[in-house]
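Please look over the structure below, and then follow the report that comes after it, which moves from one topic to the next under short headings.

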Amino acid sequence: MRTRTLTLSAAACAALLATATLAAGASATANPRSAQEGSVSAAALLAKVTSCSQISSGKYRTDEETSATVPVCGKNGAVFWKADMDIDCDGQVTAKCNGDTDPWFQDDTAFHQSNGKALRADSLPYVVVPSTSSIWKYTSSGIKGGGVVAVIYNGKVEYAVVGDTGPTQIIGEASYATASALGIDPDPETGGTDSGVTYILFKNAQVSPIESHSAAVSLGDSLARQFIQNN
C-alpha cells in the first residue's frame, strides 16, 4: 500500500480536465459487473452499522493531508469503518498494475496466495488494513490475512479478503479489482472515491485459498446472514 496525496501535478490536472471534457460529450459505455454478491442486500448490512461503538484507541486519516476522523467500530462478529477508497495495485506485475501505471507500485503484498506468490490486485478483490499501531491492532480484533470483508458502495456489496497492510495512521484502501467491481474508477494514480465506502470485516474468518474469490463470496454471504441475525 502507498500513502496517497491529494495534490496533483499540473499535468495530471490537465489530463483530468481533458478526460472530464470528453466524458461530458459522450455517453457512458463502461458497464462494470454488478457487485451485488450473495443474498444479503447493501441496505440490510448498512442498517446494522448506523452507529459506532469505537474500539480503536484513536481515529485514522483517509489521506496524508486529511484530519483523523475515522474510528474502527465494533459489532457482534465484526468490525467496521466508513471511509474513502484509494486504489491498491500492489502484488503481481500485470498490464494494469505495474511501475508504469502506478507510481507507488510494490511487487508484494502482506499476505500471499497458496503458491507463495503475491496477490493479484487487478483480479482479486482485497482490502488493506492499517498496520499495527497504538491506534489499533487488527489481529486483536480477530482480523487476519484472508479474512472476509463486505465492501459496500452505492447500493452494491462486493466480498473481498484482507490482502494487504498499509500505513499505521491511514485507512480506506482496496484493490483495483474491488474498485472496478463496485463501479469506482480503479486507476491507481487518479481513481478511487473520496467517501461513501463501508468496510465490514468479519471476525475469525479466513478464506482458503485466499485467491479464491468464489470462496470469499460463499463464506461472506454466510457470515453476512449471521451478522444480520446477531446485530
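## D221 and its salt bridge

In this predicted model, D221 has a relative accessible area of 12%, and therefore counts as buried, the limit for that term being under 20%. D221 forms a salt bridge with R225, in which the closest N and O atoms are 2.4 Å apart. Its partner R225 is partly exposed, with a relative accessible area of 38%. Both residues belong to helix α4, which covers residues 213-230, and because they are 4 residues apart in that helix, about one helical turn separates them.

## Helix α4

The 18 residues of α4 should span 26 Å at 1.5 Å a residue, and the C-alpha atoms at the two ends of α4 are 25 Å apart, which agrees with that expectation. The buried residues of this helix are H213, A216, V217, G220, D221, L223, A224 and F227. These buried residues of α4 pack against the helix α2 and against the strands β1 (73-75), β2, β4, β5 and β7.

## A second salt bridge

The structure holds 2 salt bridges, and besides the pair in α4 there is one between R120 and D122, whose closest N and O atoms lie 2.6 Å apart. R120 is partly exposed, at 35% relative accessibility, whereas D122 is buried, with a relative accessible area of 14%.

## The largest nonpolar core

The largest nonpolar core has 59 residues, and those with the most contacts inside it are W81, M85, Y199, I200 and F202. The elements that give two or more residues to this core are the helices α2 (42-46), α3 (176-181) and α4, together with the strands β2 (78-88), β3 (126-130), β4 (148-153), β5 (156-166) and β7 (193-202). Among these elements, β2 gives the most to the core, with 7 residues. As general background, nonpolar side chains tend to be buried together in soluble globular proteins.

F202, one of the residues with the most contacts inside the core, touches a set of residues more than four places away in sequence, including G77, A78, G142, I143, V148, A150 and Y159. F202 also touches G220, L223, A224 and F227, and these four are listed with the buried residues of α4.

## Strand β7 and its partners

Strand β7 is mostly covered, since 7 of its 10 residues are buried. On pairing, β2 and β7 run in the antiparallel sense over 7 bridges, and V79 has L201 in β7 as its bridge partner. The strands β4 and β7 also pair in the antiparallel sense, over 4 bridges, and here the bridge partner of A150 is I200 in β7.

## T109 in a loop

T109 is found in the loop between β2 and β3, and at 4% relative accessibility T109 counts as buried. Which backbone atoms does the side chain of T109 reach? A polar atom of this side chain lies 2.7 Å from the backbone oxygen of F111, and the side chain also reaches the backbone nitrogen of L119 at 3.1 Å. Leaving aside neighbours within four places in sequence, T109 is in contact with D90, G91, A118, L119, Y126, G163 and D164.

Terms used. Residues are numbered from 1 along each chain as its sequence is written. This is a predicted model: local features need pLDDT of at least 70, side-chain atom pairs count only at pLDDT 80 or more; totals for chains, interfaces and linings use all residues. Side-chain values use heavy atoms; hydrogens and water are left out. A salt bridge is a side-chain nitrogen of Lys or Arg within 4 Å of a carboxyl oxygen of Asp or Glu. Buried means under 20% relative accessible area, exposed over 50%, partly exposed in between (1.4 Å probe, protein chains only). A nonpolar core is a set of buried Ala, Val, Leu, Ile, Met, Phe, Trp, Tyr and Cys residues joined through side-chain atoms within 4.5 Å. Contact means heavy atoms within 4.5 Å. Two strands pair if DSSP finds at least two bridges between them. A polar contact is a pair of N or O atoms within 3.5 Å; within protein, one must be able to donate a hydrogen and the other to accept it, and residues adjacent in sequence count only if both atoms are side-chain atoms. The expected span of a helix is 1.5 Å times one less than its number of residues.
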